[in-house]
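Q: Could you walk me through the aromatic side chains in this one, close up? Once that's done, carry on outwards to the charged pairs, the helix packing and any odd backbone spots.

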Amino acid sequence: MDLSGKTYVIMGVANKRSIAWGAARALDKMGAKLVFTILGERFRKELDKLLQELEGDHDLIVECDVSSDESVENAFKEIGEKTGGVDGVMHAIAFANKDELKGGISDTTREGFKVALDISAYSLLSVAKHSKAILNEGGSLVTMTYLGGERAMPNYNVMGVAKAALDANVRYLAYDLGESGFRVNAVSAGPIRTLSSSAVGEFKTILKEIEQRAPLRRNVDQLEVGNTVAFLLSDLASGITGEVVHVDSGYHIMA
Ligand code: KAL
């Protein structure tokens, strides 16, 4: 696929294992120009180092803390001024307090619920609001979700509730922005070892279950997810919006 002439914003690269980095590698290979947002300056050094692995010259890195509307607004204003408009945004951001990712969901605190839903679900609305002003014709948004938003899973807890809200945000945003010709979709990835999953004790068991029970009998990697993100951001997906595409070796179809 040729994406030369297209510009995409990637939010959520923390390190080389990030799913957002898988999308960056895929989009770069297809010739797209990339802009990155980082949570804070401490992530800049890591990203600068990673960027040397890409073929294209992607020098715009903007700070963006999605817990602040002002930060999101300023980030997209700066990106708009420096690029003259972008063709899409990948949102790959989620957070829940560690304490709430084990034990029962009935122990979730009011504050922990707020934080998880704010960073993992509300943030997409804020990104939509402030990015639509700089989206080129036919532009689109893609976010990352997980099966734990559709089914109850041990330990995922409040993140499952946040992903359910995120999935609903995708549908409502698709309707809202569809009037302007913009599309909004999600990719539901199978389990992949990342910074996010590194804190999960049972992760090995989860990966093994996929190897045994998923139709493809193997796990997926960041590049496979990234290729699907690239497809959804591209004009090849011009008729797809409000959709959740599972890139999970087919695991979600199993009873
Ligand atoms: C069923 C699965 C395993 C259960 C567990 C939890 C997964 C939680 C995802 C959530 C986004 C992780 C965190 O928020 C971790 C956070 O408490 C600590 N990490 C950090 O502070 C780092 C340094 C920063 C940058 O934050 C993040 N978010 O990295 C789910 C598995 C099988 C699939 C996964 C991992 C799904 C998912 O949503 O990521």
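A: Let's settle the term first: rings of Phe, Tyr and Trp (for Trp, the six-membered ring) count as a pair if their centres lie within 6.5 Å, and the planes then sort them into stacked (under 30 degrees apart), edge-to-face (over 60) or tilted (the rest). Bear in mind that this is a predicted model. By that rule, the structure holds two aromatic pairs.

Take Trp21 and Phe36 to begin with. Their centres are 6.3 Å apart and the angle between the planes is 35 degrees, a tilted pair. It links distant parts of the chain: Trp21 belongs to helix H1 (residues 19-29) and Phe36 to strand S2 (residues 33-38), with their positions 15 residues apart in sequence. As for the surroundings, both Trp21 and Phe36 are buried.

The other pair is Tyr146 with Tyr156. Here the planes sit at 70 degrees and the ring centres are 5.1 Å apart, so this one is edge-to-face. Both tyrosines lie in the loop between strand S5 (135-145) and helix H5 (158-178), so the pair ties together parts that are ten residues apart in sequence. Tyr146 counts as buried because its relative accessible area is 18%, and the cut-off for buried is under 20%.

While we're in that loop, have a look at Asn157, which also sits between S5 and H5. Its phi is near 45 degrees, a positive value in a residue other than glycine. That's worth a glance because most residues other than glycine have a negative phi. Asn157 is buried, at 12% relative accessibility. Arg217 does a similar thing, with phi near 50 degrees, again positive and again not a glycine. Arg217 lies in the loop between H6 and H7, and at 55% relative accessibility Arg217 counts as exposed.

On to the charged side chains. Side chains of opposite charge can pair when their charged atoms come close. Searching the whole structure turns up seven salt bridges, and three of them deserve a closer look here.

Asp235 and Lys6 meet through their side chains at 3.0 Å, N to O. They come from distant parts of the chain, 229 residues apart: Asp235 from the loop between helix H7 (222-233) and strand S7 (244-247), Lys6 from the segment before strand S1 (7-11). Asp235 is partly exposed, with a relative accessible area of 44%. Another salt bridge joins Arg44 and Glu41, with an N to O distance of 2.8 Å. Arg44 is partly exposed at 26% relative accessible area, and Glu41 is partly exposed too, at 43%. Then there's Arg213 with Glu209, at 2.9 Å from N to O. Those two share helix H6 (residues 203-213) and are four residues apart, about one turn of the helix. Arg213 counts as partly exposed at 31% relative accessibility, and Glu209 does as well, at 29%.

Ser234 has its place in the loop between H7 and S7, and with a relative accessible area of 1% it is buried. Leaving aside residues up to four places away in sequence, Ser234 touches Met1, Leu3, Tyr8 and Arg183.

Now the helices. H1, the home of Trp21, packs against H7 at an angle of about 60 degrees, their axes 7 Å apart, and the crossing is right-handed. On the H1 side the contact is made by Ile19, Gly22, Ala23, Arg25, Ala26 and Leu27, and on the H7 side by Gln222, Leu223, Val225, Gly226, Asn227, Val229, Ala230 and Leu233. Sorted by type, that contact has nine nonpolar residues, four polar and one charged.

Helix H3 (residues 69-83) meets helix H4 (residues 110-131) with axes that come within 9 Å and cross at roughly 40 degrees. This crossing is right-handed as well. H3 contributes Asp69, Val72, Glu73 and Phe76, and H4 brings Tyr122, Ser126, Val127, His130 and Ser131. The split for this contact is four nonpolar, three polar and two charged.

Notes
Residues numbered from 1 in each chain as written. Predicted model: local features only at pLDDT ≥ 70, side-chain atom pairs only at ≥ 80, totals over all residues. Heavy atoms only, no water. Buried < 20%, exposed > 50% of the residue type's maximum accessible area, 1.4 Å probe, protein only. Salt bridge = Lys/Arg side-chain N within 4 Å of Asp/Glu carboxyl O. Axes fitted to C-alpha atoms, helices over the stretch in contact; angles between N-to-C directions. Left-handed = near helix turned anticlockwise from the far one by under 90°. Contact = heavy atoms within 4.5 Å. Nonpolar A, V, L, I, M, F, W, Y, C, P; charged D, E, K, R; others polar.
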